[in-house]
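Please look at the structure shown here and follow how its strands are arranged. The report takes one strand and its partners first, and then turns to a sheet.

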Amino acid sequence: MFMKTVIATALIAVAGLSQAAVIAPGGNLGDLSPSPALYGGFYVNEEPDLFSASYTFSLTQQSEVLGSVSFLAEFLNLDLEPLIFTDVLLDGVSVGVLGEEPSGNFGFSLGTLGAGTYTLTFTGLADRGTSAFTGSLYSQVAAIPEPDSIALVLAGAGIVGAAALRRRRAANS
């Protein structure tokens, strides 16, 4: 078992190095865009243990932030132990408990966030043995109405209001 754990750990580490786009825990995902930023991590435990994996990311404008995370059941023909994700935190505040899913695949939304730098953290339980996870995070620009659109809506509401007032006065006379 020890040799299998050492081999699995080495393979995951080498694969992580060869896939420069996959960011390890504690890493910076950079400025989010509609193209997903990839992250991942692995744990080797002799006994089940709690884990926490954090990543920072930035937004250059107000955007909706969406993501996914899943544990890997197998890596390079080696069986891996499942992870149980218990929570997703944004800057230390829980945005939703993921819970235990048989598939281990979770999608989540962090909502609409303003421009700035944020920290995303996953917490959970890693079983005995080698466990690994991967995920992605991306942003979509939040729909913000143009000033011209707002002016047209207000002008339309004013016209409808004036017409209703005119009808009411005509009905009262």
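## Strand β8 and its hairpin

In this predicted model, strand β8 is joined by 3 bridges to strand β9, which covers residues 93-96, and the two strands run antiparallel. Within this pairing, Leu90 has Val93 in β9 as its bridge partner. The two strands β8 and β9 form a hairpin in which 2 residues lie between them, and Asp91, found in the turn, has a positive phi of about 50°.

## The pairing of β8 with β11

Strand β8 is also joined to strand β11, made up of residues 116-126, by 7 bridges, and this pair again runs antiparallel. Here Phe85 is the residue that stands opposite Gly124 in β11.

How many of the residues of β8 are buried? Strand β8 spans residues 83-90, and 6 of its 8 residues are buried, which leaves the strand mostly covered.

## An open sheet of 5 strands

Strands of a sheet pair through backbone hydrogen bonds, and they may do so in a parallel or an antiparallel way. In this model, 5 strands form an open sheet with mixed pairing, and their order is β1-β3-β12-β5-β10. Because β1 (22-23) and β10 (105-113) stand at the edges and each has a single partner strand, one side of each is left without a neighbour in the sheet.

Within this order, strand β3 (residues 37-45) and strand β12 (residues 129-141) run antiparallel and are joined by 9 bridges. One of the residues involved is Val44, whose bridge partner in β12 is Thr130.

How values were computed:
Residues are numbered from 1 along each chain as its sequence is written. This is a predicted model: local features need pLDDT of at least 70, side-chain atom pairs count only at pLDDT 80 or more; totals for chains, interfaces and linings use all residues. Side-chain values use heavy atoms; hydrogens and water are left out. Two strands pair if DSSP finds at least two bridges between them. Helices (H or I, at least four residues) and strands (E, at least two) are DSSP runs, numbered from the N terminus. Buried means under 20% relative accessible area, exposed over 50%, partly exposed in between (1.4 Å probe, protein chains only).
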